[in-house]
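Work through the exercises below with the model open. Try each task before reading its solution.

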Amino acid sequence: SHWMFSAVSVLLILVNSLYIWIDADFNKGVTYLNTEWPFVIADNIFTIYFTAEVLFRALAYKRLGLAFLDPWLVFDSSLA
């Protein structure tokens, strides 16, 4: 895998961890309908990135079936 892709992924995992803390302490909304827009946008950015990361990693295999033999990819897929 490319070192830049891995570095960005680790950075976003750390930023997401910080964001979860901020969201838990400051987001007063119970549903998306009454949540302030910055929280909704941040949630969607993280969801899109981490879903795309799993798809890119799966599509990097020559045969898609081989992707399911990668334990980390299977674990990450279960979270996405």
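## Exercise 1: N16 and its partners

Setting aside sequence neighbours within four places, N16 is in contact with F46 and F50. The model is a predicted one.

**Task.** State in which helix N16 has its place, and decide whether N16 counts as buried or exposed.

**Solution.**
- Step 1. Locate the residue. N16 sits in helix α1.
- Step 2. Take the accessibility. N16 has 18% relative accessibility.
- Step 3. Apply the cut-off. Buried means under 20% relative accessible area, so N16 counts as buried at 18%.

## Exercise 2: The α1 and α2 pair

**Task.** Describe how α1 and α2 pack: give the angle and the distance between their axes, then the handedness of the crossing.

**Solution.**
- Step 1. Choose the descriptors. A packed helix pair is described by the angle between the two axes and the distance between them.
- Step 2. Read them off. The angle between α1 and α2 is about 150 degrees, and their axes are 11 Å apart.
- Step 3. Classify. Angles over 145 degrees count as roughly antiparallel, so α1 is roughly antiparallel to α2.
- Step 4. Add the handedness. α1 and α2 cross in a left-handed way.
- Step 5. List the contact residues. On the α1 side they include F5, V8, L12, N16, Y19 and F26. On the α2 side, F39, D43, F46, F50 and R57 are among them.
- Step 6. Sort by class. The contact of α1 with α2 has 14 nonpolar, two polar and four charged residues.

## Exercise 3: The α2 and α4 pair

**Task.** Repeat the analysis for α2 and α4. At what angle do they pack, and how far apart are their axes?

**Solution.**
- Step 1. Set the boundaries. Helix α2 covers residues 37-59, and helix α4 covers residues 71-79.
- Step 2. Give the geometry. These two helices pack at about 150 degrees, with axes 10 Å apart.
- Step 3. Classify. α2 and α4 are therefore roughly antiparallel to each other.
- Step 4. Add the handedness. The crossing of α2 past α4 is left-handed.
- Step 5. Name the contact residues. α2 supplies V54, R57 and A58, while α4 supplies W72, L73, D76 and S77.
- Step 6. Sort by class. Four residues in the contact of α2 with α4 are nonpolar, one is polar and two are charged.

## Exercise 4: Two buried polar side chains

**Task.** For D43 and T35, find the location, the burial class and the partners.

**Solution for D43.**
- Step 1. D43 lies in helix α2.
- Step 2. Its relative accessibility is 18%, so D43 counts as buried.
- Step 3. Beyond four places in sequence, D43 is in contact with Y19 and Y32.
- Step 4. The side chains of D43 and Y32 are joined by a polar contact of 3.1 Å.

**Solution for T35.**
- Step 1. T35 is in the loop between α1 (3-26) and α2.
- Step 2. T35 has 13% relative accessibility, so T35 counts as buried.
- Step 3. Residues up to four places away are not counted; T35 then touches N27, G29, V30 and V40.
- Step 4. The T35 side chain reaches the backbone oxygen of T31 at 2.5 Å.

## Exercise 5: Sequence separation against distance

**Task.** For each of four residue pairs, set the separation along the chain beside the C-alpha distance.

**Solution.**

| Pair | Residues apart | C-alpha distance |
|---|---|---|
| D43 and L64 | 21 | 28 Å |
| T47 and D70 | 23 | 21 Å |
| S78 and V54 | 24 | 9.9 Å |
| L79 and V54 | 25 | 9.6 Å |

- Step 1. Place the residues. T47 is in helix α2. S78 is in helix α4, and L79 is found in α4 too.
- Step 2. Classify T47. At 48% relative accessibility, T47 counts as partly exposed.
- Step 3. Classify the α4 residues. Exposed means over 50%. S78 has 55% relative accessibility, so S78 counts as exposed. L79 is exposed, with 61%.
- Step 4. Check the S78 side chain. It reaches the backbone oxygen of F75 at 2.6 Å.

How values were computed: Residues numbered from 1 in each chain as written. Predicted model: local features only at pLDDT ≥ 70, side-chain atom pairs only at ≥ 80, totals over all residues. Heavy atoms only, no water. Axes fitted to C-alpha atoms, helices over the stretch in contact; angles between N-to-C directions. Helix = DSSP H or I, 4+ residues; strand = E, 2+ residues; numbered from the N terminus. Parallel < 35°, antiparallel > 145°, perpendicular 65-115°, else oblique. Left-handed = near helix turned anticlockwise from the far one by under 90°. Contact = heavy atoms within 4.5 Å. Nonpolar A, V, L, I, M, F, W, Y, C, P; charged D, E, K, R; others polar. Buried < 20%, exposed > 50% of the residue type's maximum accessible area, 1.4 Å probe, protein only. Polar contact = N/O pair within 3.5 Å; in protein donor to acceptor, adjacent residues only side chain to side chain.
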